[in-house]
Amino acid sequence: MKLTPDIPAPSAILEAALYADDLDAAEQFYGEVLGLDRIQRIGDRHVFYRIGGSVLLIFNPEQTELPPLNPEMPVPPHGARGPGHVCLVLSRDEIAVMRKHLLDWNIPVDAEFDWPGGARSLYVRDPAGNSVEFAEAHLWS
């Protein structure tokens, strides 16, 4: 329910961020294991992946907590500690294929189940401990 009708409602999430101390391990998981399309890696600061019309940002919090170095891009310092969460959309059949693929990589499944509305979810952990969910798109229908 929109409480303030005179402000615009965002139409989508453009980007989401997770934090990982070891970007090499994160890059192996998201790039090699999950096969995501890498957009950019800047040293030990960040690695970015395209997912459909959105971008998944993986930041090293040690680096992003520092003040910006480029005055033309004054992104405020940010960072998080502890496990975050991201949910990636797959069909039910694709979730089953991903499950097998992840187990082949010795990545244990944290949980998998059907939600009350019928959508399937599969949860694993990335090397930084972030919760990575694969779910059917109608989860929030």
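**Notebook: salt bridges**

I checked the burial of Glu27 first: Glu27 is buried, at a relative accessible area of 19%. The cut-off for buried is under 20%, so Glu27 falls on the buried side with its 19%. I note that this is a predicted model.

Next I looked up the partners of Glu27. One salt bridge joins the side chain of Glu27 to that of Arg41, at 2.6 Å from N to O. This pair links distant parts of the chain, with Glu27 in helix H1 and Arg41 in strand E2, 14 residues apart. Arg41 has a relative accessible area of 23% and is partly exposed.

I then turned to Arg38. Its side chain meets that of Glu27 in a salt bridge, 2.4 Å from N to O. Arg38 belongs to strand E2 (residues 37-42) and Glu27 to helix H1 (residues 23-33), so this bridge ties together parts eleven residues apart in sequence. I looked up the accessibility of Arg38 too: at 45%, Arg38 counts as partly exposed. Glu27 therefore has a salt bridge to Arg38 and another to Arg41, while being itself buried.

I moved on to Glu112. Glu112 forms a salt bridge with Arg120, and their closest N and O atoms are 3.0 Å apart. Which residues are joined with this pair into one network by salt bridges that share partners? I found Arg92, Arg99, Asp114 and Glu136 in the network, along with Glu112 and Arg120. The relative accessibility of Glu112 is 29%, and I entered Glu112 as partly exposed.

Last, I looked up the total: the structure holds 13 salt bridges.

Definitions and conventions:
Residues numbered from 1 in each chain as written. Predicted model: local features only at pLDDT ≥ 70, side-chain atom pairs only at ≥ 80, totals over all residues. Heavy atoms only, no water. Salt bridge = Lys/Arg side-chain N within 4 Å of Asp/Glu carboxyl O. Helix = DSSP H or I, 4+ residues; strand = E, 2+ residues; numbered from the N terminus. Buried < 20%, exposed > 50% of the residue type's maximum accessible area, 1.4 Å probe, protein only.
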